[in-house]
Amino acid sequence: MRTRRLGMRSIVNWLGPFIGLLLVIALFSLMPEVRGRFLRVSNFINVVTQSVIVALGALGMTVIIISGGIDLSAASNIALSSVIAASVIDAGGSPWLAVGAGILTGGLVGLANGGLITSLRLVPFIVTLGMLGVGRGLAKWIAGNQKIDAPLTWVNTLMSRNPEPSWLMLAPGVWLMMILAVLLAAVLRLTVFGRHVFAIGSNETTARLCGVRTNRAKIAIYTLSGLFCGLSGVMAFSRLTVGDPTVAVGLELDIIAAVVIGGGSLAGGQGSVLGTMIGVFIMSFLRNGSTMMGWPNYIQEIIIGAVIVAAVALDRLRHKKEL
């Protein structure tokens, strides 16, 4: 009987994000004011394209949250990486160098987070909260507290809504996001590293006693997440065509919320790439539908905030039932 209950609970947890996404789409589809525009294929493509920046950050955050950590510096990392990418091109560097520099910058921020957490034995919340300010400050300093207008290159086509060649149908950034999501899912489910991530999040002490090098794994986890944020920063630069040190302010909340809405547990040990991607789309469709309805930003923020609180409350309730 207990096994059957656990099986049913896991099915419900797995289906929950799907049901949530369907409910959000159904909600706006039934509203006569926006039904015609909301259900257009072009609108769905637009929503998916707009989701890339948050989705890439959320993929990295998924690994961190499964391991029982948190990263409040994700949005600042995205801004810093976008500024670095724009600076390289503005200085005459090649687009490939700019992309590499942006991704590397994100990875270095993640490496710093992981190194400080493990070496100083500080909680991730404190370390990444400090890095939030450091990253944003560095971005403003490098950019001279203003936007960097870099020359247009192929990097700016990565988030184009009219991709070339046309048979791509979706922006190259969308395809890259989907490929990386599949690869990360495979890493988490099929590799030793993935098993270590879940083990650390479930019980770090037990994982250490079983031979898992937890400090080394944590550094790898935060570095990997940083690389995803770096790529997200490159996509932000591609979309805006400028390096903006003020971009993505508050985006870390959307990134964390997407993981939690998708079934990730802030207590660690639970989460999936598929759930995170669905969480991203739930947030994106909520914002898209609210904008179409003409609701002011504060209404959208109230709705998103309520969804986040509900997702965390359900997570806590789920854990209480499992005890």
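**Exercise 1. In which helix does Gly289 lie?** Then describe its burial and its surroundings.

*Solution.*
Step 1. This is a predicted model. Gly289 lies in helix 13.
Step 2. Take the accessibility. The relative accessible area of Gly289 is 0%. The cut-off for buried is under 20%, so Gly289 is buried.
Step 3. List the contacts. Beyond four places in sequence, Gly289 touches Phe28 and Phe38.
Step 4. Add a long distance. Thr205 is 84 residues from Gly289 in sequence. Their C-alpha atoms are 45 Å apart.

**Exercise 2. Characterise the overall fold and dimensions of the chain.**

*Solution.*
Step 1. Count the secondary structure. There are 14 helices and zero strands. The pattern along the sequence is therefore α-α-α-α-α-α-α-α-α-α-α-α-α-α.
Step 2. Test the radius of gyration. A compact globule of 323 residues would have a value near 20 Å. The chain has 20 Å, so the two agree.
Step 3. Give the box. Along the principal axes, the C-alpha atoms fill roughly 60 × 55 × 40 Å.
Step 4. Look at contacts with a separation of 6 or more. Of these, 79% join residues 24 or more positions apart.

**Exercise 3. Summarise burial, surface and charge for the chain.**

*Solution.*
Step 1. Burial: 50% of the 323 residues count as buried.
Step 2. Surface: the accessible area is about 15,600 Å². Carbon and sulfur atoms contribute 68% of that area.
Step 3. Charge: the chain carries 24 positive and 12 negative charges. The mean positions of the two sets are 13 Å apart.

**Exercise 4. Which residues of helix 3 are buried, and against which helices do they pack?**

*Solution.*
Step 1. Helix 3 covers residues 41-50.
Step 2. Its buried residues are Asn43, Asn46, Val47, Val48 and Thr49.
Step 3. Consider the helix geometry. An α-helix has 3.6 residues a turn, so residues three or four places apart point the same way.
Step 4. Find the partners. The buried residues of helix 3 pack against helix 2 (35-38) and helix 4 (52-66). Helix 8 (172-190) and helix 13 (273-293) are also packing partners.

**Exercise 5. Place Trp295 and Gln300, and trace the link between them.**

*Solution.*
Step 1. Locate both. Trp295 is in the loop between helix 13 and helix 14. Gln300 is in helix 14, residues 297-322.
Step 2. Assign accessibility. Trp295 has a relative accessible area of 27% and is partly exposed. Gln300 stands at 7%, so it counts as buried.
Step 3. Find the polar contact. The side chain of Gln300 reaches the backbone oxygen of Trp295 at 3.3 Å.
Step 4. List the wider contacts, leaving out residues up to four places away in sequence. Gln300 touches Arg287, Ser290, Thr291 and Trp295. Trp295 touches Phe28, Met31, Ser290, Gln300 and Ile303.

**Exercise 6. Follow Ile19 from its helix to two distant positions.**

*Solution.*
Step 1. Ile19 is in helix 1, residues 2-29.
Step 2. Its relative accessible area is 47%, so Ile19 is partly exposed.
Step 3. Go to Gly60, 41 residues apart from Ile19 along the chain. The C-alpha separation is 24 Å.
Step 4. Go to Trp295, 276 residues apart from Ile19 along the chain. That C-alpha separation is 24 Å.

**Exercise 7. Which residues does Leu227 contact beyond four places in sequence?** State its setting too.

*Solution.*
Step 1. Leu227 is found in helix 11.
Step 2. Its relative accessible area is 33%, so Leu227 is partly exposed.
Step 3. Its contacts are Ile103, Gly106 and Gly107.
Step 4. Check the distance to Ile103. The two residues are 124 apart in sequence. Their C-alpha atoms are 5.4 Å apart.

**Exercise 8. Examine the backbone at Asn145 and Thr241.**

*Solution.*
Step 1. Recall the background. Most residues other than glycine have a negative phi.
Step 2. Read the angles. Asn145 is not a glycine, but its phi is positive, about 60 degrees. Thr241 is not a glycine either, and its phi is positive at about 65 degrees.
Step 3. Locate them. Asn145 lies in the loop between helix 7 (124-142) and helix 8. Thr241 lies in the loop between helix 11 (214-240) and helix 12 (251-261).
Step 4. Assign accessibility. Asn145, at 57% relative accessible area, is exposed. Thr241, at 32%, counts as partly exposed.

Notes: Residues numbered from 1 in each chain as written. Predicted model: local features only at pLDDT ≥ 70, side-chain atom pairs only at ≥ 80, totals over all residues. Heavy atoms only, no water. Helix = DSSP H or I, 4+ residues; strand = E, 2+ residues; numbered from the N terminus. Rg over C-alpha atoms; globule rule 2.2 N^0.38 Å. Buried < 20%, exposed > 50% of the residue type's maximum accessible area, 1.4 Å probe, protein only. Contact = heavy atoms within 4.5 Å. Areas by Shrake-Rupley, 256 points an atom, 1.4 Å probe, with all protein chains shown as cover. Lys, Arg positive; Asp, Glu negative; His and termini not counted. Charge placed at Lys NZ, Arg CZ, Asp CG, Glu CD. Polar contact = N/O pair within 3.5 Å; in protein donor to acceptor, adjacent residues only side chain to side chain.
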